[in-house]
Amino acid sequence: MIGGVLSCGLTHTAVCPLDVVKCNMQVSPEKYKGLISGLRTVIAEEGSGTKGIWKGWLPTLLGYSAQGCFKFGLYELFKDTYMNLAGEHNACNYTGPIWLAASASAEFFADMALCPMEMVKVKVQTSPKGTFPTDFSPALAQMSANRATTGFPFGSVVPLWSRQIPYTMAKFFFFERVVQLFYSHVFTQPKNSYSKGTQLGITFASGYIAGVICAIVSHPADTLVSLKGKPANVGKSYGEIASKFGYGNLFTKGLGTRILMIGTLTGLQWWIYDSFKTAFGMGTTGGKMICHCSKCEH
């Protein structure tokens with residue numbers, strides 16, 4: 001769980017400037033047309049500090065640390081549980097569905113831990129300058145005081161589930177599968193024969209590939225979460241917001257920036273998580289499929 005806290009909390013905080021631009025590209029695409037121009041606009045209008053391009057860093061750190069704790073910790077728990085429930089033979093032959101079920105189960109609880117801080121973060125990052133506090137304590141207090149209109153603390157949990165559960169299922173499934181392919185077809189010697197540096201390099205590459213897929217799968221729901229924080233959308237349903245914004249725009253606005261952000265972020269998350277595991281002698285995640293089931297020949 002500590003590895004999950006570090007991997008998610010640190011990486012999401014590190015890419016906070018990209019997140020600020022990405023959220024504003026989703027909410028105000030007519031003003032924020034691209035990553036570089038968006039960065040320049042935010043810095044020019046609001047500055048390069050914690051009230052500008054780094055605004056929302058603290059709820060990001062707190063929220064995603066909590067999420068990472070449950071995401072990675074519960075994934076390992078649910079994976080072992082479902083493998084034991086399936087039995088040795090089924091666990092051997094249905095690893096993919098087990099990865100998907102375990103990651104979805106873990107993310108269900110992880111999003112409830114994330115939701116309050118995600119709502120604060122999005123509101124801070126997307127509100128026009130001077131219309132909402134950028135410091136954490138005043139922002140949290142205002143969200144709580146206006147919970148009838150903001151829906152705080154769990155008003156965004158359903159779109160978070162819509163965004164994060166498919167994202168996490170893709171993140172864990174494709175990571176495990178890509179690692180398996182690397183060790184089966186590229187690095188074909190026994191896993192332990194490779195240095196820790198090589199194993200962690202495979203971890204990062206697999207995480208980056210999985211992250212690109214994750215970004216595409218979860219982008220429409222991510223856009224809706226960002227749009228919900230826009231003052232003009234207070235009181236509107238998610239269906240009304242989507243209809244007005246345009247369903248095509250939900251899939252495309254800010255997608256390039258999000259692919260860059262999520263690909264890098266996911267690769268780093270897995271690298272940090274596996275670095276933590278190897279530091280305590282647990283080894284990196286995944287590898288070539290080796291089944292010891294008595295009914296199988298592989």
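In the predicted model, Gln-189 is partly exposed, with a relative accessible area of 47%. This value lies between the cut-offs of 20% for buried and 50% for exposed residues, so Gln-189 falls in the intermediate class. Gln-189 is located in the loop that joins H9 and H10. Its C-alpha atom is 23 Å from that of Tyr-208, and the two residues are separated by 19 positions in the sequence.

The chain as a whole contains 13 helices and zero strands. Accordingly, the order of elements along the sequence is α-α-α-α-α-α-α-α-α-α-α-α-α. The C-alpha trace spans about 65 × 35 × 35 Å along its principal axes. The radius of gyration of the chain is 20 Å; for 298 residues a compact globule would have a value near 19 Å, so the two agree.

Of the 298 residues, 51% count as buried. The accessible surface of the chain amounts to about 12,900 Å², and carbon and sulfur atoms contribute 66% of this area. Among contacts with a sequence separation of 6 or more, 77% are between residues 24 or more positions apart. The chain carries 26 positive and 16 negative charges, and the mean positions of these two sets are 6 Å apart.

The largest nonpolar core has 30 residues. Within this core, the residues that touch the most other members are Phe-72, Tyr-75, Val-120, Met-143 and Trp-270. At least two core residues come from each of helix H4 (57-86), helix H6 (95-126), helix H7 (136-145), helix H9 (157-186), helix H10 (196-228) and helix H13 (255-279). The greatest contribution is that of H6, which supplies eight residues. The surroundings of Tyr-75 were examined further. When residues up to four places away in sequence are not counted, Tyr-75 touches Phe-70, Trp-99, Ala-102, Ser-103, Ala-106, Phe-172 and Glu-176.

The peptide bond from Phe-152 to Pro-153 is cis, with omega near 10 degrees. As a general rule, most peptide bonds are trans. Pro-153 is placed in the loop between helix H8 (147-150) and H9.

Two lysines in the later part of the sequence were also considered. Lys-236 belongs to the loop between H10 and H11. Its relative accessibility is 24%, and Lys-236 therefore counts as partly exposed, since the cut-off for a buried residue is under 20%. Apart from neighbours within four places in sequence, the contacts of Lys-236 are with Lys-228, Ile-241 and Lys-244. Lys-236 and Ser-7 are 229 residues apart in sequence, and their C-alpha atoms are 35 Å apart in space.

Lys-244, one of the contacts of Lys-236, is part of helix H11 (residues 238-245). Lys-244 has a relative accessible area of 68%, which is over the 50% cut-off, and is therefore classed as exposed. The C-alpha atom of Lys-244 is 17 Å from that of His-219, a residue 25 positions away along the chain.

Terms used:
Residues are numbered from 1 along each chain as its sequence is written. This is a predicted model: local features need pLDDT of at least 70, side-chain atom pairs count only at pLDDT 80 or more; totals for chains, interfaces and linings use all residues. Side-chain values use heavy atoms; hydrogens and water are left out. Helices (H or I, at least four residues) and strands (E, at least two) are DSSP runs, numbered from the N terminus. The radius of gyration is taken over C-alpha atoms; the globule rule is 2.2 Å times the number of residues to the power 0.38. Buried means under 20% relative accessible area, exposed over 50%, partly exposed in between (1.4 Å probe, protein chains only). Contact means heavy atoms within 4.5 Å. Accessible areas come from the Shrake-Rupley method with a 1.4 Å probe; for residues, only the protein chains shown count as cover. Lys and Arg count as positive and Asp and Glu as negative; His and the chain ends are not counted. The place of a charge is taken as NZ of Lys, CZ of Arg, CG of Asp or CD of Glu. A nonpolar core is a set of buried Ala, Val, Leu, Ile, Met, Phe, Trp, Tyr and Cys residues joined through side-chain atoms within 4.5 Å.
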